[in-house]
Amino acid sequence: MALHIKRIYEPKEDRDGTRILVDRLWPRGLKKQEAAVDVWLKDIAPSPALRRWFGHDPAKWNEFQRRYRDELKKNSSVVEELERRIGRSDATLLYAAKDQFHNHAIVLQRFIGDD
């Protein structure tokens, strides 16, 4: 099993496997048919309060990672659902954020990988 991450605005590729949108809000300017999303797990995204606090500020990145991991630990049912959806096949976590180095999909990929 390979678990990838990529921006939802990037084209679909064969290696993507199951495409799972992990944002709470639907990405701006993208039609659902164009997105080729297999699963949309809104509840695995950071809480609205955490998302607003972080604001994609790289200076808050370390603390954001800690807080988001804490949220994931408390939300085990949705994490288990994500793991079921991934199964033993390839999957790609899709996110809309512009910052490729400071976004919740990175934290989620590592969190799932640590299990």
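A polar contact is a pair of N or O atoms within 3.5 Å. This predicted model has one at the start of helix 5, where a side-chain oxygen of Asn-103 reaches to within 3.0 Å of the backbone nitrogen of Ala-105.

Stay with Asn-103. Its place is in the loop between strand 4 and helix 5. Buried means under 20% relative accessible area. Asn-103 has 0% relative accessibility, so it counts as buried. Leaving aside neighbours within four places in sequence, Asn-103 is in contact with Trp-61, Tyr-95 and Ala-97.

Now move into helix 5 itself. The buried residues there are His-104, Ala-105, Ile-106, Val-107, Leu-108, Phe-111 and Ile-112. What covers them? The cover includes strand 1 (3-7), helix 3, helix 4 and strand 4.

Next comes the nonpolar interior. In soluble globular proteins, nonpolar side chains tend to be buried together. The largest nonpolar core here has 26 residues. Those with the most contacts inside this core are Ile-20, Ile-44, Tyr-68, Leu-82, Leu-108 and Ile-112. Five elements are listed as giving two or more residues to the core: helix 2 (48-54), helix 3 (61-74), helix 4 (76-86), strand 4 (91-95) and helix 5 (104-114). Helix 5 gives the most, with six residues.

Leu-108 shows how the parts meet. Apart from neighbours within four places in sequence, Leu-108 is in contact with Val-22, Ile-44, Tyr-68, Leu-72, Leu-82 and Leu-93. A second core, separate from the largest, has six residues. Among them are Ile-8, Ala-35, Leu-94 and Ala-96.

Ala-96 also leads to the largest pocket. Which residues lie nearest the centre of that pocket? They are Asp-23, Arg-51, His-56, Ala-96 and Ala-97. The full lining has 20 residues. By class, ten of the lining residues are nonpolar, three are polar and seven are charged. The volume of this pocket is about 510 Å³. Ala-97 ties the pocket back to the opening scene, as a contact of Asn-103.

Finish at Gly-29. This residue lies in the loop between strand 2 (18-21) and helix 1 (32-35). Is Gly-29 buried or exposed? The relative accessible area of Gly-29 is 82%, so this residue is exposed. Take Trp-61, one of the contacts of Asn-103, as a reference point. Gly-29 and Trp-61 are 32 residues apart in sequence. In space, their C-alpha atoms are 27 Å apart.

Terms used. Residues numbered from 1 in each chain as written. Predicted model: local features only at pLDDT ≥ 70, side-chain atom pairs only at ≥ 80, totals over all residues. Heavy atoms only, no water. Core = buried A, V, L, I, M, F, W, Y, C linked by side-chain atoms within 4.5 Å. Buried < 20%, exposed > 50% of the residue type's maximum accessible area, 1.4 Å probe, protein only. Helix = DSSP H or I, 4+ residues; strand = E, 2+ residues; numbered from the N terminus. Contact = heavy atoms within 4.5 Å. 1 Å grid on protein atoms, 1.4 Å probe; cavity = no way out; pocket = protein on both sides within 12 Å on 5 of 7 lines; lining within 4 Å. Points joined across faces, edges and corners; volume = space filled by probe spheres on them. Nonpolar A, V, L, I, M, F, W, Y, C, P; charged D, E, K, R; others polar. Polar contact = N/O pair within 3.5 Å; in protein donor to acceptor, adjacent residues only side chain to side chain.
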